[in-house]
Amino acid sequence: MMAKRPVTKGQIEATISEVVTKFEKEYMGRGPLETRTFLLNDMVIVRLKGVLTKAEYSLAKSDNGRGRELVKHMKAELIESNRAVLDTAIRSIVKRKVRSLHTDISTSTGERVLMFVLDRSPEYDQ
């Protein structure tokens with residue numbers, strides 16, 4: 001049985017949050033404690049809380065400052081190497097092509113932000 005296509009903005013946001021959470025668990029090794037998605041014109045903004053492991057926090061706080069950069073670089077590489085999975089998932093939900101993906105992670109708070117820029121704004125019921 002096929003899942004019903006989300007039709008409201010809230011349903012689209014919730015579906016994207018579920019998909020990104022699943023991606024984090026399967027491809028990044030740990031799911032976030034909380035995921036929120038926001039549709040804003042031609043952008044999809046996803047905020048994830050609690051994405052770092054204790055070991056990653058510890059490495060990021062190392063005295064030489066190199067640990068922070070290692071954690072950020074590793075997470076960015078993991079996202080980039082699996083980007084096609086994310087692009088395909090977002091496209092299937094919003095029915096728009098993903099033009100670009102921007103991401104950053106805070107090694108002090110353990111929050112990550114993903115921003116997908118679409119080729120045009122998605123349509124949904126008001």
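# How the terms fit this chain

Me: What share of the contacts between residues at least 6 apart in sequence joins residues at least 24 apart?
Reply: In this chain, 55% of the contacts between residues at least 6 apart in sequence do so. A contact here means heavy atoms within 4.5 Å. Please keep in mind that this is a predicted model, where local features need pLDDT of at least 70 and side-chain atom pairs count only at pLDDT 80 or more, while totals for chains, interfaces and linings use all residues. Residues are numbered from 1 along each chain as its sequence is written, and side-chain values use heavy atoms, with hydrogens and water left out.

Me: What makes up the secondary structure of the chain?
Reply: There are 4 helices and 4 strands, in the order α-β-β-α-α-α-β-β from the N terminus. They are DSSP runs numbered from the N terminus: H or I over at least four residues for a helix, E over at least two for a strand.

Me: Why is the chain called as compact as a globular protein of that length?
Reply: Its radius of gyration is 15 Å, close to the 14 Å from the globule rule for 126 residues, so the chain is as compact as a globular protein of that length. The radius is taken over C-alpha atoms, and the rule is 2.2 Å times the number of residues to the power 0.38. Along its principal axes, the C-alpha trace spans about 50 × 25 × 25 Å.

Me: Why is I16 called buried?
Reply: Buried means under 20% relative accessible area, exposed means over 50%, and partly exposed lies in between (1.4 Å probe, protein chains only). I16 has a relative accessible area of 0%, so I16 is buried. This residue sits in helix α1. Across the chain, buried residues make up 39% of the 126.

Me: Which residues have the most contacts inside the largest nonpolar core?
Reply: They are I16, V46, L114 and F116, in a core of 24 residues. Among the elements giving two or more residues to this core are α1 (9-28), β2 (43-49) and β4 (112-118), and α1 gives the largest share, 5 residues. A nonpolar core is a set of buried Ala, Val, Leu, Ile, Met, Phe, Trp, Tyr and Cys residues joined through side-chain atoms within 4.5 Å.

Me: How far apart are I16 and V46 in sequence and in space?
Reply: They are 30 residues apart in sequence and 8.2 Å apart in space, C-alpha to C-alpha. Leaving aside neighbours within four places in sequence, the contacts of I16 include V46, L39 and I90. On the same basis, those of L114 include V46, V20 and L101.
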